[in-house]
Amino acid sequence: MAIKNALLVDDSKVARFALSKLLENRDMEVNMAGSAEEALEYLNSHGRPDVIFMDHLMPGMNGVEATKAIKCNPDTANIPVIMCTSKKSPSFIEEAQNFGVYNIITKPPQYDVLDMMLNQLDADVNSGNLPATPDADALAATNEDPDDTFGLTAKVDLTAQYHGEELNGSSQPQVVPLTSDLIEQIARSAVKTHINNRLHELLSSLFDEQFDHLKRSLDEQEKRQAATIEEKLARLIAQVEGLSTGLKDEVATEVTLNLSRELADLRKDLKSQGGFNADHLTELKDHITSVQTIDTEFWQTLQSEAIQQAHEISRETAEDIAQRTIDLYVSQQKKTAAKVYTLGMAISVGIFALGIAWLSGLFG
């Protein structure tokens with residue numbers, strides 16, 4: 001979007017506030033000026049806005065004069081100016097376009113009309129279709145009629161006559177005598193203009209005072225409401241905390257009572273089932289007898305199996321001992337035979353050696 005910031009020029013705080021809220025809803029940056037002189041000073045010392053909303057009737061320099069000053073300045077001549085007025089007419093729009101006004105919006109502005117106008121302005125800026133800025137001579141040629149409510153219609157031929165301009169195709173200046181009727185008409189026009197300007201100043205001042213009073217009242221009401229809400233919220237929080245604490249205590253008490261009742265019932269059940277009657281004793285005796293019978297049979301079976309296993313273990317142990325004894329005996333016998341054989345061999349060798357020695361001595 002090419003239109004991002006705007007300058008609002010209006011002597012009424014109420015009008016500036018209302019229009020600024022509409023522009024802020026379009027996410028636009030808004031700056032304000034309370035008079036045409038302040039607006040011109042702002043344009044000389046600050047950045048250039050994308051659009052200027054200019055009020056028509058203001059004390060001092062009005063909107064028409066301010067727009068001419070803006071369009072005569074090369075630095076600000078290309079800024080689109082939208083004139084804000086109480087009512088408009090085709091002649092007013094045509095005359096306004098002659099000195100560079102982009103469009104006219106009726107006060108108080110409506111959001112849909114303003115939105116449509118800004119969308120069209122954005123499209124014209126992007127496409128480069130903005131109206132051409134009139135030159136200084138054309139701006140100087142446009143005059144406003146003090147008696148005209150809109151301030152844009154051309155003056156009557158009296159002005160041209162006073163300045164020696166052409167009238168009805170004649171190049172000769174015509175002098176109109178100052179009759180009493182003409183003086184009365186000029187005086188009435190001056191008085192009417194003065195009254196209109198003074199009434200506008202008073203109404204603007206009244207609106208500003210009412211706006212300030214209303215704003216103070218709203219601020220005070222908002223503060224009182226905020227304090228009341230905080231007070232009620234604090235009380236509500238205290239009540240919730242008290243109820244929570246009481247609820248916790250009630251829940252703990254209820255749980256304790258329930259547990260106490262459950263324990264009491266359990267004790268009663270245990271006491272009612274704690275003694276043995278004759279039937280219980282008979283059942284217990286029969287159970288013990290059956291257990292003893294089972295134990296006797298079990299021990300008999302276990303004893304016979306133990307005896308059998310003992311016989312088997314004894315037999316296996318005896319066989320093992322006998323086998324070890326035989327093996328030991330055979331081993332000892334083998335060792336004894338080996339010793340006897342060794343001794344016999346030693347004796348034989350000795351005898352053989354003696355025989356050889358004897359034979360050697362005999363035949364020696």
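**Figure 1. Pro108 and its cis peptide bond in the loop between β5 and α5.** In this predicted model, Pro108 sits in the loop that runs between β5 (103-106) and α5 (111-127). Have a look at the bond that leads into this proline: the peptide bond from Lys107 to Pro108 is cis. Its omega is near -5 degrees.

**Figure 2. Thr85 of strand β4 and the residues it touches.** Thr85 belongs to strand β4, which spans residues 81-85. With a relative accessibility of 5%, Thr85 counts as buried, since the cut-off for that class is under 20% relative accessible area. Leaving aside residues up to four places away in sequence, Thr85 touches His56, Phe92, Ile104, Ile105, Thr106 and Lys107. Lys107 may be familiar from the previous view, as the peptide bond from Lys107 to Pro108 is the cis one.

**Figure 3. Arg26 and Asp27 in the loop between α1 and β2.** Both residues of this view can be found in one loop: Arg26 lies between α1 and β2, and Asp27 lies between α1 (13-24) and β2 (29-33). Which of them is buried and which is exposed? Arg26 is buried, at a relative accessible area of 11%, whereas Asp27 is exposed, at 71%. The side chain of Arg26 joins that of Asp115 in a polar contact of 2.2 Å. Asp27, for its part, has a backbone detail to check in a torsion plot: its phi is positive, at about 60 degrees, although Asp27 is not a glycine.

**Figure 4. The crossing of helices α1 and α5.** Here the axes of α1 and α5 come within 11 Å and cross at roughly 60 degrees. That makes α1 oblique to α5. The crossing of these two helices is right-handed. On the α1 side, the contact is made by Leu19, Leu22 and Leu23; on the α5 side, Tyr111, Leu114 and Leu118 take part. What classes of residue make up the contact of α1 with α5? There are six nonpolar residues, no polar ones and no charged ones.

**Figure 5. Helix α2 packed against helix α3.** Helix α2 covers residues 36-45, and it packs against α3 at an angle of about 15 degrees, with the two axes 10 Å apart. That makes α2 roughly parallel to α3, because angles under 35 degrees fall in that class. As for handedness, α2 passes α3 in a right-handed crossing. From α2, the residues that make the contact are Ala36, Leu40 and Leu43; from α3, they are Ala66, Ala69 and Ile70. Sorted by class, the contact of α2 with α3 has six nonpolar residues, with no polar and no charged ones.

**Figure 6. Helix α3, its start and its surroundings.** Why is helix α3 described as largely enclosed by the rest of the structure? Seven of the 10 residues of α3 (residues 63-72) are buried, so the helix earns that description. The buried residues of α3 are Gly63, Val64, Ala66, Thr67, Lys68, Ile70 and Lys71. Two of these names, Ala66 and Ile70, also appear in the contact of α2 with α3. At the start of α3, it is worth zooming in on Asn62: one of its side-chain oxygens reaches to within 3.2 Å of the backbone nitrogen of Val64.

**Figure 7. The whole chain, for orientation.** After the close-ups, here is the wider setting. The secondary structure of the chain comes to nine helices and five strands. Followed along the sequence, these elements give the pattern β-α-β-α-β-α-β-α-β-α-α-α-α-α. How much of the chain counts as buried? Of its 364 residues, 23% do. Turning to contacts with a separation of 6 or more, 63% of those in the chain come from residues 24 or more positions apart.

Conventions: Residues numbered from 1 in each chain as written. Predicted model: local features only at pLDDT ≥ 70, side-chain atom pairs only at ≥ 80, totals over all residues. Heavy atoms only, no water. Buried < 20%, exposed > 50% of the residue type's maximum accessible area, 1.4 Å probe, protein only. Helix = DSSP H or I, 4+ residues; strand = E, 2+ residues; numbered from the N terminus. Polar contact = N/O pair within 3.5 Å; in protein donor to acceptor, adjacent residues only side chain to side chain. Axes fitted to C-alpha atoms, helices over the stretch in contact; angles between N-to-C directions. Parallel < 35°, antiparallel > 145°, perpendicular 65-115°, else oblique. Left-handed = near helix turned anticlockwise from the far one by under 90°. Contact = heavy atoms within 4.5 Å. Nonpolar A, V, L, I, M, F, W, Y, C, P; charged D, E, K, R; others polar.
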